[in-house]
Amino acid sequence: MNEALERAFTEPGLRPLPDVVAALLRDVGAPPRLGAHLRAVHDVAVQIVDGPVFSNAGVDREAVLFGAATHDIGKVRFPGELTGPGAQHEPAGEQLLVRLGVDERLARFAALHGRWDRDRATLDELLVTLADKVWKGRREPGLEQKVAEVVAAATGEPVWAAYMRLDDELTRIADGADERLAFQARFPP
Ligand SMILES: [Fe+2]
């Protein structure tokens with residue numbers, strides 16, 4: 001048992017990862033830093049999908065939360081990408097999840113979380129990427145605009161109104177970024 005990884009799963013302050021994801025991360029020998037990162041991004045994804053903006057937007061809650069909790073699992077194969085740039089972990093993560101028996105529908109987030117600027121990105125995919133930005137306080141106006149457009153299409157409200165509601169919500173969530181960053185930094189890569 002990797003004690004630091006277990007601490008990353010259980011230290012108070014953030015919502016726990018789904019049990020099935022914690023088990024997968026143990027199986028693949030995830031570095032503690034990766035476990036902590038995935039927990040922080042999952043926590044933010046819960047705040048986003050359970051917030052007021054997405055209550056009528058047709059989000060697949062379980063899929064988004066699974067995607068947020070596993071999106072970087074490919075960094076097990078490319079650990080250099082835990083501390084530096086690189087996108088090799090993206091396809092590797094999807095392959096790893098499929099090999100572990102995860103449905104393609106849920107594994108795809110690992111491959112797609114870095115490619116939000118595609119024409120056919122779904123709202124669920126965009127929300128995983130959004131959580132992966134906002135957890136550390138990063139704001140991405142182009143991504144948020146795209147999310148607001150999809151929400152507006154689902155709710156019938158004007159895009160600017162959806163954008164403003166989203167902006168309020170993300171500003172509130174981004175306020176917790178320093179604590180999440182400090183939490184993640186306590187775990188070794
Ligand atoms: Fe990430």
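Where does L100 lie? L100 lies in the loop between α6 and α7, and the tour will return there after a look at the whole chain.

**Before selecting anything**

This is a predicted model, in which local features need pLDDT of at least 70 and side-chain atom pairs count only at pLDDT 80 or more, whereas totals for chains, interfaces and linings use all residues. Residues are numbered from 1 along each chain as its sequence is written, and side-chain values use heavy atoms, with hydrogens and water left out.

**The whole chain**

Show the chain as a cartoon: it has 11 helices and zero strands, where helices (H or I, at least four residues) and strands (E, at least two) are DSSP runs numbered from the N terminus. With 189 residues, a compact globule would have a radius of gyration near 16 Å, and the chain agrees with this at 16 Å; the radius is taken over C-alpha atoms, and the globule rule is 2.2 Å times the number of residues to the power 0.38. Along the principal axes, the C-alpha atoms fill a box of roughly 50 × 30 × 30 Å.

Colouring by burial comes next: buried residues make up 56% of the 189 residues, with buried meaning under 20% relative accessible area, exposed over 50%, and partly exposed in between (1.4 Å probe, protein chains only). Among contacts (heavy atoms within 4.5 Å) between residues at least 6 apart in sequence, 65% join residues at least 24 apart.

**The nonpolar core**

Select L25, I48, F54, L127, L130 and V147, which touch the most other members of the largest nonpolar core, a group of 62 residues. Such a core is a set of buried Ala, Val, Leu, Ile, Met, Phe, Trp, Tyr and Cys residues joined through side-chain atoms within 4.5 Å. Helix α3 (residues 32-49) gives the most to this core, with 10 residues. In soluble globular proteins, nonpolar side chains tend to be buried together.

Centre on I48 and, leaving aside its neighbours within four places in sequence, display its contacts F54, L127, L130, A131, L170 and I173.

Then move to V44, also a residue of helix α3, which counts as buried because its relative accessibility is 0%. Beyond four places in sequence, V44 is in contact with A131, V134, W135, I173 and R180. For a distance label, take the C-alpha atoms of V44 and R139, which are 95 residues apart along the chain and separated by 13 Å.

**Helix α4 and its cover**

Select residues 61-70, helix α4, which is mostly covered, since eight of its 10 residues are buried. The buried residues in α4 are A63, V64, L65, F66, G67, A68, A69 and T70. To see what covers these buried residues, add α2 (19-27), α3, α6 (89-99), α7 (104-112) and α8 (123-134), which are among the elements responsible.

**From α6 to the loop**

In helix α6, pick Q95, which is partly exposed, with a relative accessible area of 49%. Q95 and L65 are 30 residues apart in sequence, and their C-alpha atoms are 19 Å apart in space.

Finally, return to L100 in the loop between α6 and α7: with a relative accessible area of 34%, L100 is partly exposed. Not counting residues up to four places away in sequence, L100 touches L24 and V28. A last distance label can join L100 to L143, 43 residues apart in sequence and 31 Å apart in space, C-alpha to C-alpha.
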